[in-house]
Amino acid sequence: MRIPLTAFFRSRYNNPLFLILPSTGRDFCLMKHYLTSPLSQAIFSRGFIISAAGTALILLLSSLQGILSAFRSAELLSPGYHSDLIMSALSSDAMALALPILAALPYTASFIDDVKSGFIKEYLPRTTVPRYIAGKAVGCAVSGGLVLALGIFIAYGFAALMFLPMEAYPKAGETVPNYFGNLMETALMFFASGAFWSLTGMTFAALTDSKYMAYASPFVLFYLLIILYERYFDKLFVLYPREWLNPSPRWVFGKIGVAVLLIEFSLLMALAFAYAAKRRLERI
């Protein structure tokens, strides 16, 4: 990804048309580039594709028993069977085991890779430390959340294609659940969850200067919170990661409430990463 960045600066920022822009216009273009470039690197990376496909595959494999039962059934399936199948898989043990790893895979190690490869020494003279850190945090959060949301949409699409023609029509007068609204709320909740776990990995990697911590720390923290809740603090359900997969009725706003909480945690983790990254860059 270094060649496109170099070509970008040579072809655009040395262009006379760019140089005659007002200073605010140049600053806006620069800021836009520094935020979108890491994001494009993350989304078009091999790790992002593997994680999105892995999320969809885990959901479908967790639903394997329900899929086989549906194909063996001689009668029409219940309305919304495809939606219930995927929503149940989202709270499965397999999804809980893989979620922090899938969210961390696309971009959490990018900061440490830049530092250890020496690329940061070539890139920092073209920008400022705050802009660089902001770009890394945005790319990490969005890629970690988007990979889970995209995987959910892929699995949901497969389930809908397979089972919608086999489902019975709702009876007259029967209330039809808002399947699309429920799907969007669920995707938002998992997006916020993926953003938090991805930023967690990048923050611990910056603190420890270890690439391995980028992938291990989200998984370790995930199960540490589970152990603390189940053994010691069973009143703090808001810090229970399994509640972030399938919220109980105790949440005031349901899935939206979980998403808001995780977005707040993500902002705090982004601030922690900014502090750790700044300290690390000062030693270069």
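This report describes the fold, core, surface and salt bridges of a predicted model of one protein chain.

## Overall architecture

The secondary structure of this predicted chain consists of 13 helices and 0 strands, and along the sequence the elements accordingly follow the pattern α-α-α-α-α-α-α-α-α-α-α-α-α. Of the 284 residues, 47% count as buried, while the accessible surface of the chain amounts to about 15000 Å², with 67% of that area belonging to carbon and sulfur atoms.

When contacts with a sequence separation of 6 or more are considered, 79% of them join residues that lie 24 or more positions apart.

## Helix H11 and the residue after it

Helix H11 covers residues 179–208, and because a rise of 1.5 Å a residue gives an expected span of 44 Å for its 30 residues, the distance of 43 Å between its end C-alpha atoms agrees with that expectation.

Just after H11 comes Asp209, which takes a positive phi of about 55° although this residue is not a glycine. Asp209 is placed in the loop between H11 and H12, and with a relative accessibility of 27% it counts as partly exposed.

## The nonpolar core

The largest nonpolar core holds 72 residues, and the members that touch the most others are Phe111, Phe190 and Trp244. The element that gives the most to this core is helix H10 (residues 129–163), which supplies 12 residues.

Phe111 illustrates how one of these members is surrounded: apart from its neighbours within four places in sequence, Phe111 is in contact with Tyr132, Lys136, Met202, Ala206, Phe273, Ala277, Arg280 and Leu281. The list includes charged side-chain types such as Lys136 and Arg280 alongside Phe273 and Leu281.

## A nonpolar patch on the surface

Leu224, Ile227, Leu228, Tyr232, Phe233, Leu236 and Leu239 together make a nonpolar surface patch of about 630 Å². One of these residues, Leu239, is located in the loop between helix H12 (211–231) and helix H13 (254–282), and its relative accessible area of 32% makes Leu239 partly exposed.

## Salt bridges

The count of salt bridges in the model comes to 5. In one of them, the side chains of Arg242 and Asp93 meet with an N to O distance of 3.4 Å; since Arg242 lies in the loop between H12 and H13 and Asp93 in helix H7 (residues 93–104), this pair ties together parts that are 149 residues apart in sequence. The two partners are described by their accessibility as follows: Arg242 is partly exposed, with a relative accessible area of 25%, whereas Asp93 counts as exposed at 54%.

A further salt bridge is formed by Asp113 and Lys211, whose closest N and O atoms are 3.5 Å apart. Asp113 belongs to helix H8 (residues 110–117) and Lys211 to helix H12, so this pair ties together parts that are 98 residues apart in sequence. Asp113 is partly exposed, with a relative accessible area of 33%, and Lys211 is likewise partly exposed, with a value of 37%. Glu243 and Arg250 also form a salt bridge, with the closest N and O atoms 3.0 Å apart; here Glu243 counts as buried at 7% relative accessibility, while Arg250 counts as partly exposed at 44%.

Technical notes: Residues are numbered from 1 along each chain as its sequence is written. This is a predicted model: local features need pLDDT of at least 70, side-chain atom pairs count only at pLDDT 80 or more; totals for chains, interfaces and linings use all residues. Side-chain values use heavy atoms; hydrogens and water are left out. Helices (H or I, at least four residues) and strands (E, at least two) are DSSP runs, numbered from the N terminus. The expected span of a helix is 1.5 Å times one less than its number of residues. A nonpolar core is a set of buried Ala, Val, Leu, Ile, Met, Phe, Trp, Tyr and Cys residues joined through side-chain atoms within 4.5 Å. Buried means under 20% relative accessible area, exposed over 50%, partly exposed in between (1.4 Å probe, protein chains only). Contact means heavy atoms within 4.5 Å. Accessible areas come from the Shrake-Rupley method with a 1.4 Å probe; for residues, only the protein chains shown count as cover. Patches are made of residues with over 30% relative accessible area and no salt bridge: like charges are joined within 9 Å, nonpolar side chains (Val, Leu, Ile, Met, Phe, Trp, Tyr) within 5 Å. A salt bridge is a side-chain nitrogen of Lys or Arg within 4 Å of a carboxyl oxygen of Asp or Glu.
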